[in-house]
Amino acid sequence: MIQVRAGEMQLEKVMPMIAETSYRELHTPKGLVIVKGPIPPEELAELAMNEGLRAFRPPDRQHKALVEIASMERGMIFAAGHEKEIVGYCTFHPPDEFERWGQANIPELIELGGLEVSPHWRGCGLAQAILEVAFAGDRFEKNIVIATEYCWHWDLKGTGLPVFKYRQMMEKLLRRVNMYPLGTDDPEICAHPANMLAVRVGSKVPSDAVIAFEALRYQGKNMF
Ligand SMILES: CC(C)(COP(=O)(O)OP(=O)(O)OC[C@H]1O[C@@H](n2cnc3c(N)ncnc32)[C@H](O)[C@@H]1OP(=O)(O)O)[C@@H](O)C(=O)NCCC(=O)NCCS
């Protein structure tokens, strides 16, 4: 059963803790890359989108989606940029209401939604740098951050990796920012054995939020 937490939550109690921008310069064999965030929507709108960023949808539509997420009260975009072009990014937002994770009233819950690096820029450490910049300092200490990794979103063809090697790569990448795979009976996650729910519980998350999240992970609907 989903536990709904009583009472009105004040937004500032569950907002990620560091509003200011985190920043890192990365000297790659392909040139200087600036990794930073959260990037405000106006700044994102001014940047170009690398043509290779099409893992989730065509680059122009994904660019629009990034600007929309950055405009949300609890949305955040962290990106890697070369000159005036976005070459990689990750998104954070409250879980969608049509998914299990968005159906309970757990304001501390935030989803790492999409992580993508353009094929031309892969293997240069960009994904790792974007995640490290995003999780810098105490930003998510008041949050439970989840990532729902569905293998049908992975670029198996582009990377040439078999599905379980890809899963290993994703798991290792997420572990670097202390996101760990946890069990769930969510039907979407259970639909393929390579899928994964990765979770990071911040050190300042109240115990009632943790208990509510535990109830959300296992709802006992798919046990038999
Ligand atoms: C997954 C993805 C973001 C990785 O981006 P990246 O910038 O190439 O990753 P990094 O260079 O930071 O590498 C991170 C780790 O993965 C490993 N890795 C990256 N690409 C790899 C490949 N093709 N084969 C084996 N290992 C690989 C790196 O060696 C590194 O591991 P290490 O720390 O042991 O050296 C990128 O492949 C991508 O955009 N894929 C399509 C979208 C997607 O699947 N997103 C994730 C789900 S939302």
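In this predicted model, helix H6 (163–175) offers a convenient place to start. At 1.5 Å a residue, its 13 residues should span 18 Å, and the end C-alpha atoms are indeed 18 Å apart, in agreement with that expectation. The buried residues of H6 are Arg167, Met170 and Leu174. Viewed down the helix axis, these buried residues fall within an arc of 65°, so they line one face of H6. This arrangement sits comfortably with a general rule: an α-helix has 3.6 residues a turn, so residues three or four places apart point the same way. The partners of the buried residues of H6 are strand E7 (144–149) and strand E9 (196–201), against which they pack.

Attention now turns to the ligand. The shell around the ligand holds 20 residues, of which Val117, Arg122, Ala127, Gln128 and Asp155 come nearest. Two or more residues of this shell are supplied by each of strand E6 (109–117), helix H4 (126–134) and helix H6. The most is given by E6, with four residues. In character, the shell comprises ten nonpolar, six polar and four charged residues.

Helix H4 reappears in the nonpolar interior. The largest nonpolar core has 56 residues, and those with the most contacts inside it are Ile77, Phe78, Leu126 and Ile130. H4 gives the most to this core, with seven residues. In soluble globular proteins, nonpolar side chains tend to be buried together. For Ile77, the contacts beyond its neighbours within four places in sequence are Gly37, Pro38, Ile39, Leu44, Leu66, Ile69, Ala70, Tyr89 and Thr91.

Conventions. Residues numbered from 1 in each chain as written. Predicted model: local features only at pLDDT ≥ 70, side-chain atom pairs only at ≥ 80, totals over all residues. Near = placed C-beta within 6 Å. Nonpolar A, V, L, I, M, F, W, Y, C, P; charged D, E, K, R; others polar. Core = buried A, V, L, I, M, F, W, Y, C linked by C-beta atoms within 7 Å. Buried ≥ 20, exposed ≤ 12 C-beta atoms within 10 Å, placed from the backbone. Contact = placed C-beta atoms within 7 Å. Expected span 1.5 Å × (residues − 1). Arc of directions from axis to C-beta.
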